[in-house]
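Me: I would like to learn how to read the packing in a structure like this one. Could you take me through it, a feature at a time?

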Amino acid sequence: MNNNPIIGVYAGSFDPLTLGHMYMINEGAKLFDELIVAIGINAAKSYTFTLEDRLDLLKESVKNIENVKIQTFENRFLIKYAEEMNCKYILRGIRNESDYEFERTMRNVNGDLNSNISTVFLMPPRQIAEVSSSFVKGLVGPQGWEIVIKSFVPKPVYKALLNRFKHISS
């Protein structure tokens with residue numbers, strides 16, 4: 001790595017980590033010398049997996065990507081966290097029009113707070129374009145859910161979801 005590495009940050013709750021997130025992480029690792037994948041902690045939010053579980057699942061899922069670091073942050077804006085980490089870029093995904101509207105607004109606010117950090121937008125391929133953590137969690141329950149979610153999450157997350165929701169298995 002050079003003396004002035006280009007560092008990007010990709011943040012989310014990753015509850016659970018999906019193949020959409022993995023697409024962003026893999027692409028971000030190609031774009032930047034270092035990609036920080038940061039789990040944002042919101043005390044007001046209820047999570048399916050604990051922070052420790054999400055950290056473990058992320059670490060296991062990205063273990064073969066050398067330039068990815070997993071971290072957490074809370075009680076600050078992502079742009080401020082990016083400043084602290086010496087990031088030059090914030091990586092964000094856009095799945096649809098509503099994501100675009102939200103992310104455009106956030107990019108503008110972030111630009112007002114620090115114009116030296118750019119936002120990079122990526123669009124996932126069509127087969128995973130609609131995959132989100134909420135979507136995956138919404139599939140849990142009906143008969144056959146175990147087979148359906150398998151194609152939307154990395155293997156470690158799939159195993160964790162099966163274990164977490166084994167009480168409602170068919």
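Reply: Let us start with a single residue: leaving aside its neighbours within four places in sequence, Val62 is in contact (heavy atoms within 4.5 Å) with Met22, Ile25, Val68 and Ile70. This is a predicted model, in which local features need pLDDT of at least 70 and side-chain atom pairs count only at pLDDT 80 or more, while totals for chains, interfaces and linings use all residues. Residues are numbered from 1 along each chain as its sequence is written, and side-chain values use heavy atoms, with hydrogens and water left out.

Me: How many residues does the largest nonpolar core have?

Reply: In soluble globular proteins, nonpolar side chains tend to be buried together. A nonpolar core is a set of buried (under 20% relative accessible area, 1.4 Å probe, protein chains only) Ala, Val, Leu, Ile, Met, Phe, Trp, Tyr and Cys residues joined through side-chain atoms within 4.5 Å. Here the largest has 34 residues, and Val62 is among those with the most contacts inside it, as are Ile25 and Val68. Apart from it lies another core, of 13 residues, including Ile7 and Leu78.

Me: Is Asn114 buried or exposed?

Reply: Asn114 is buried, with a relative accessible area of 12%. Its side chain makes a polar contact (a pair of N or O atoms within 3.5 Å; within protein, one must be able to donate a hydrogen and the other to accept it, and residues adjacent in sequence count only if both atoms are side-chain atoms) with the side chain of Glu83, at 3.0 Å. Leaving aside neighbours within four places in sequence, Asn114 is in contact with Ile79 as well as Glu83.

Note on methods. Buried < 20%, exposed > 50% of the residue type's maximum accessible area, 1.4 Å probe, protein only.
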